[in-house]
Amino acid sequence: MEFEQIYKTYWDRIFRLCMGFVNDYDAAQDLAQETFIIVWQKLETFRNESSIGTWIFRIASNNCLKQIEKQKRFPKSELPVHLSEEKLTSLEPQIQFLYKCIAELPETDRIIISLELEDIKQNEIAKIVGLSEANVRVKIHRIKEKLTQKFKENGQR
Amino acid sequence: MDNDNNIDFKDLWKKQSVSQPDITDLLARINKFKKTGLRCLWLTNILLLGTSAFIAFVWFYYQPQFISTKIGIVLVILAMVIYLMVYNKLLGNYKNIEANQTNQEYLQNLIVIKKKQNFMQTKLMALYFVLLTIGICLYMYEYASRMTAWMAILTYGITLLWMLFNWLYIHPKQTKKQQEKINSLIEKFEEVNHQLES
């Protein structure tokens, strides 16, 4: 697959994964770009052992984990996100709330639920994260319960 | 959405606004990244190798007579070479950390790398300083032996004071923050890794 084609196909999905992880538009944009830089660097080494999707999502989720390091260096401000209206990121409150809830989950849960919401098969998620399929299924179930609970508490339905 | 348990998360998830930057932006960033990525590595290498080359030049040009001078030179160069080798290897590991692993493997790798970094900043730096100090003291002996006793004591005194100042003041001050950061990172990565075990 050509890099440009990969970029066009996967950008939105990778961006949403990063957004679920950090819940910060600019940071997610940066993370997504970094992911594609790595993809660009490593594309030659990609062998068709796994599907290209699995490969890219692995790179993206690992990159999200790696940026924990940067977070420590630049502690996140407590200001509510999406303050600036001119950025055209003002979303429906429900969407915002979903991303906020996901970004508050434990790190690996964020990745798992983001992949699930991206319609990635559970056996693929298992291959990306490094858990058994059964384990992934249980986790997804629990995370969804947690999210539903939060939506209820918040009166967002 | 009347049913509370049927919130369509997938639908909400995909409605997140996304703007795909133009690919030329990304390519520009790739180019910039290629240029700046390894600058720090190069700088350290050039600096230490340059110093080593200079010391070697002194050896050949001035032809020291005492064996202590030669041992001193070897120790100083050795200190720098050991430091550089570990530094390069570690940075290489970090830059080239295999991106296509499962999250679990990746996290474990990150932990290992951070622990090595920790080792480098503590034990390896100590070794570097010890080798450097002994090396410099041995190296100076030949020249100090030709000075008057007072001058020799003064020369050694200033040199050792400078080394002590570095080791006891500058080094701890520089590394304390980094050390704290690395330790908290190791803790954090271990915690995240633990999430996958439970």
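## Contacts and fold of chain B

In chain B, 79% of the contacts with a separation of 6 or more join residues that are 24 or more positions apart. The structure is a predicted model, and this report deals mostly with chain B.

Chain B contains six helices and zero strands. Read from the N terminus, the order of its elements is α-α-α-α-α-α.

## Dimensions and burial

Chain B has a radius of gyration of 26 Å, whereas a compact globule of 198 residues would have one near 16 Å. Its C-alpha trace spans about 95 × 40 × 25 Å along the principal axes. Of the 198 residues in chain B, 15% are buried.

## Annotated transmembrane regions

Which residues of chain B does the UniProt annotation "transmembrane region" cover? According to that record, an unreviewed entry, they are residues 40–61, 67–86, 124–141 and 147–169.

Two of these spans can be described further in the model. Residues 40–61 of chain B are 100% helix and 0% strand, and the C-alpha atoms at the two ends of the span lie 31 Å apart. Residues 67–86 of chain B are also 100% helix and 0% strand. For residues 67–86, the distance between the end C-alpha atoms is 29 Å.

## Where chain B meets chain A

The contact between the chains involves 35 residues of chain B and 46 residues of chain A. On the chain B side, the elements that give two or more residues are α1 (9–14), α2 (23–36), α5 (103–144) and α6 (149–195). By class, this side of chain B is made up of 17 nonpolar, 11 polar and seven charged residues.

## A helix of chain A

Helix α2 of chain A covers residues 25–42. How far apart should the ends of this helix be at 1.5 Å a residue? Its 18 residues should span 26 Å, and because the end C-alpha atoms are 26 Å apart, the expected and modelled values agree.

Several residues of α2(A) are buried. They are A:Y25, A:A28, A:L31, A:A32, A:Q33, A:T35, A:F36 and A:V39.

## Confidence

The average pLDDT of chain B is 85, and 93% of the residues score at least 70. Where pLDDT is low, the predicted coordinates should not be read in detail. For the model as a whole, the scores are ipTM 0.81 and pTM 0.79.

Methods: Residues are numbered from 1 along each chain as its sequence is written. Chains are lettered from A and ligands numbered from 1 in the order in which they are written. This is a predicted model: local features need pLDDT of at least 70, side-chain atom pairs count only at pLDDT 80 or more; totals for chains, interfaces and linings use all residues. UniProt positions are given in the numbering used here, feature names are shortened, and annotations may be inferred rather than shown by experiment. Helices (H or I, at least four residues) and strands (E, at least two) are DSSP runs, numbered from the N terminus. The expected span of a helix is 1.5 Å times one less than its number of residues. A residue is buried if 20 or more other C-beta atoms lie within 10 Å of its own, exposed if 12 or fewer, and partly exposed in between; C-beta atoms are placed from the backbone. Two residues are in contact if their C-beta atoms, placed from the backbone, lie within 7 Å. Ala, Val, Leu, Ile, Met, Phe, Trp, Tyr, Cys and Pro count as nonpolar, Asp, Glu, Lys and Arg as charged, and the others, Gly among them, as polar. The radius of gyration is taken over C-alpha atoms; the globule rule is 2.2 Å times the number of residues to the power 0.38. pLDDT is the predictor's confidence in each residue, from 0 to 100.
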